[in-house]
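Let's take a look at this one together, starting with a pair of helices and then working outwards. Have the sequence and the model open as you read.

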Amino acid sequence: MNWADPHAIYVAPAYALTALVFIALAAWVFWGLSRAEQAALREADKEKSG
Amino acid sequence: MTTAKITTKVSGLANPQQFMAASGWALPAAGAIALLLFVIGLPWGLQYSPPDYQQGESVRIMYIHVPAAWWSMGIYAALAGSSFTYLVWRHVLADVAARAMAPIGAAYAGLCLATGSLWGRPTWGAWWEWDARLTSMLVLFLTFIGYVALRAATDEDERGARLGAVLALAGAINLPIVHYSVEWWSTLHQPASILREGGSSIHPSMIGPLFTMAGAYAAAFVALTLASMRADIYRRRTRAAQARRARSAAP
Amino acid sequence: MSPLGAVFRRELTLAWRAGPAAPLGFFLGVTVLVPLAMGPERVLLAQAGAPLIWIAAALAALMTLERLFQADLEDGSLDQLFLADASLTAIAAAKGAALWIVVGLPLALAGAPAVVMLGASPSAIPGIVAGLLLANAAFIGAGLAAAAVTAGVKRAGVLIALLALPFFAPPVLFGAADGGAFGPAFLMLAACAAAACALGPLAAAAALRAQVE
């Protein structure tokens with residue numbers, strides 16, 4: 001990768017944006033999953049004990 | 001296969017229990033594959049592949065733009081297919097899948113537009129052009145957004161699911177309509193150079209990183225969709241359990 | 001009178017009561033504001049003015065879509081329509097036809113003064129009015145489906161716009177491209193109108209069944 005190339009200034013933000021989008025997507029999805037799983041486990045416990 | 005066997009297999013897939021069991025291993029597998037392919041593909045595209053004779057270093061954007069374009073369209077096809085399945089067979093899992101896929105498709109379409117814009121500026125001199133490909137990708141993005149907005153505005157019940165399914169299918173018809181109506185005008189975007197008669201016209205050294213990234217995007221889509229679906233099923237279980245408790249508590 | 005005829009009469013009466021005033025006022029308002037906004041530069045208006053008729057028409061049509069199914073869903077008339085001895089697709093088409101007669105026709109006729117106000121040549125008037133008749137049919141056809149899908153959603157206005165606008169793009173594109181010349185773009189516009197009139201009520205019927213089941 002020749003960073004002196006005049007077109008290089010467009011490549012870096014494009015790759016950075018891609019990485020950002022995937023990290024954000026993964027974070028959102030997996031945080032939602034863990035929350036949903038926790039809630040379901042809590043409900044299951046309540047049903048057992050209640 | 002007899003009709004009875006096919007029906008049993010399909011309805012087996014529709015069983016949430018079986019889905020949870022299968023996705024229990026499929027999700028980590030897809031996630032691992034995605035991670036591996038990204039780790040290989042990103043440096044390969046960014047550093048360890050040759051620049052283009054004409055475009056210079058900006059051709060590297062192809063490795064993140066083209067897979068996003070391919071898979072945003074593939075995801076919409078999957079969304080339309082799930083919606084059709086839901087409308088015809090009423091399998092809850094088909095609706096769960098549709099809801100899960102839409103935001104990911106929107107993200108891929110948005111990424112395609114943004115990276116395409118960053119690629120277009122140095123190569124064509126323009127951030128945007130109203131040709132058939134770009135415009136229909138924009139419409140695809142808006143259709144995904146519209147679907148997500150509709151599902152958010154309707155309740156999480158069968159009515160909301162059916163309405164979403166109708167919208168997804170109507171959008172499927174609209175996409176080729178928009179594409180061809182804009183193509184009626186001249187197009188600036190590069191004509192097909194990958195799937196073309198006589199084989200690809202891109203340099204073989206570029207195929208490696210491109211297909212690696214395509215695989216990464218696909219595996220990421222599968223992993224994210226499975227995770228979203230699992231979350232949705234947990235939420236439905238929670239709601240069902242709460243409803244049961246409320247009913248048994250009522251005098 | 002046949003059941004479908006009765007439904008059509010009902011729809012016509014309801015549409016008439018709501019009236020074309022609001023979309024017409026909006027359309028004419030836009031066509032007045034545009035030249036004011038563009039300033040005294042005649043050249044700019046001549047180039048960019050006429051296509052704006054199509055945008056104004058699309059937005060005006062968008063305004064009327066909410067009234068298609070919202071009220072019927074709220075007061076239960078939709079269930080009554082289900083019981084009518086006519087197919088849901090035909091009923092949706094009747095609603096669309098009534099809206100086209102009450103709103104689409106006046107809107108198309110208002111295109112004539114709009115053409116003049118926006119700096120296009122008066123010879124384009126017949127072509128643009130005819131084009132607007134077709135475009136309004138296309139907008140309403142697509143709008144039927146969008147309205148049926150969003151009926152019952154609170155504050156559906158923005159959502160209808162988001163869902164309908166991708167379908168509005170081809171008629172706007174072809175209408176503006178034709179510019180009143182009755183050329184090949186006009187034929188494409190007619191094709192859009194035909195497709196919307198055929199498919200829109202079908203999609204709307206599917207959405208209505210989803211609403212009420």
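## Two helices side by side

In this predicted model, start with H5(B) and H6(B), which meet along a long list of residues. On the H5(B) side you'll find B:Ala132, B:Thr135, B:Ser136, B:Val139, B:Leu140, B:Thr143, B:Gly146, B:Tyr147, B:Leu150 and B:Arg151. Facing them from H6(B) are B:Gly160, B:Leu163, B:Gly164, B:Leu167, B:Ala168, B:Gly171, B:Leu175, B:Val178, B:His179, B:Val182 and B:Glu183. Sort the residues of this contact by class and you get 11 nonpolar, eight polar and two charged.

How do the two helices lie against each other? The axes of H5(B) and H6(B) are 9 Å apart and the packing angle is about 170°. Angles over 145 degrees count as roughly antiparallel, so H5(B) is roughly antiparallel to H6(B).

## Where chain B meets chain C

Now to the contact between chains B and C: chain B puts in 22 residues and chain C puts in 20 residues. The same two helices turn up again here, as H5 (132-153) and H6 (158-183) of chain B each supply at least two residues of the side that touches chain C. H6(B) gives the most to that side, with 12 residues.

What is this side of chain B made of, by class? There are 15 nonpolar residues on it, along with five polar and two charged ones.

## Chain A and its neighbour

Over on the other side of the story, chain A brings 27 residues into contact with 32 residues of chain B. The side of chain A that touches chain B splits into 18 nonpolar, five polar and four charged residues.

Two pairs of chains are in contact, and chains A and B share the most contacts. Chains A and C, on the other hand, don't touch: their nearest C-alpha atoms are 23 Å apart.

## A closer look at chain C

Which kinds of secondary structure does chain C have? It comes to 10 helices and zero strands, so to speak a run of α after α along the sequence.

As for its overall form, the C-alpha atoms of chain C fill a box of roughly 55 × 35 × 30 Å along the principal axes. Its radius of gyration is 17 Å, which agrees with the value near 17 Å for a compact globule of 213 residues.

Inside chain C, 52% of the 213 residues count as buried. Take the contacts between residues at least 6 apart in sequence, and 82% of them join residues at least 24 apart.

Technical notes:
Residues are numbered from 1 along each chain as its sequence is written. Chains are lettered from A and ligands numbered from 1 in the order in which they are written. This is a predicted model: local features need pLDDT of at least 70, side-chain atom pairs count only at pLDDT 80 or more; totals for chains, interfaces and linings use all residues. Two residues are in contact if their C-beta atoms, placed from the backbone, lie within 7 Å. Helices (H or I, at least four residues) and strands (E, at least two) are DSSP runs, numbered from the N terminus. Ala, Val, Leu, Ile, Met, Phe, Trp, Tyr, Cys and Pro count as nonpolar, Asp, Glu, Lys and Arg as charged, and the others, Gly among them, as polar. Axes are lines fitted to C-alpha atoms, for helices over the stretch in contact, and angles run from 0 to 180 degrees between N-to-C directions. Angles under 35 degrees count as roughly parallel, over 145 as roughly antiparallel, 65 to 115 as roughly perpendicular and the rest as oblique. The radius of gyration is taken over C-alpha atoms; the globule rule is 2.2 Å times the number of residues to the power 0.38. A residue is buried if 20 or more other C-beta atoms lie within 10 Å of its own, exposed if 12 or fewer, and partly exposed in between; C-beta atoms are placed from the backbone.
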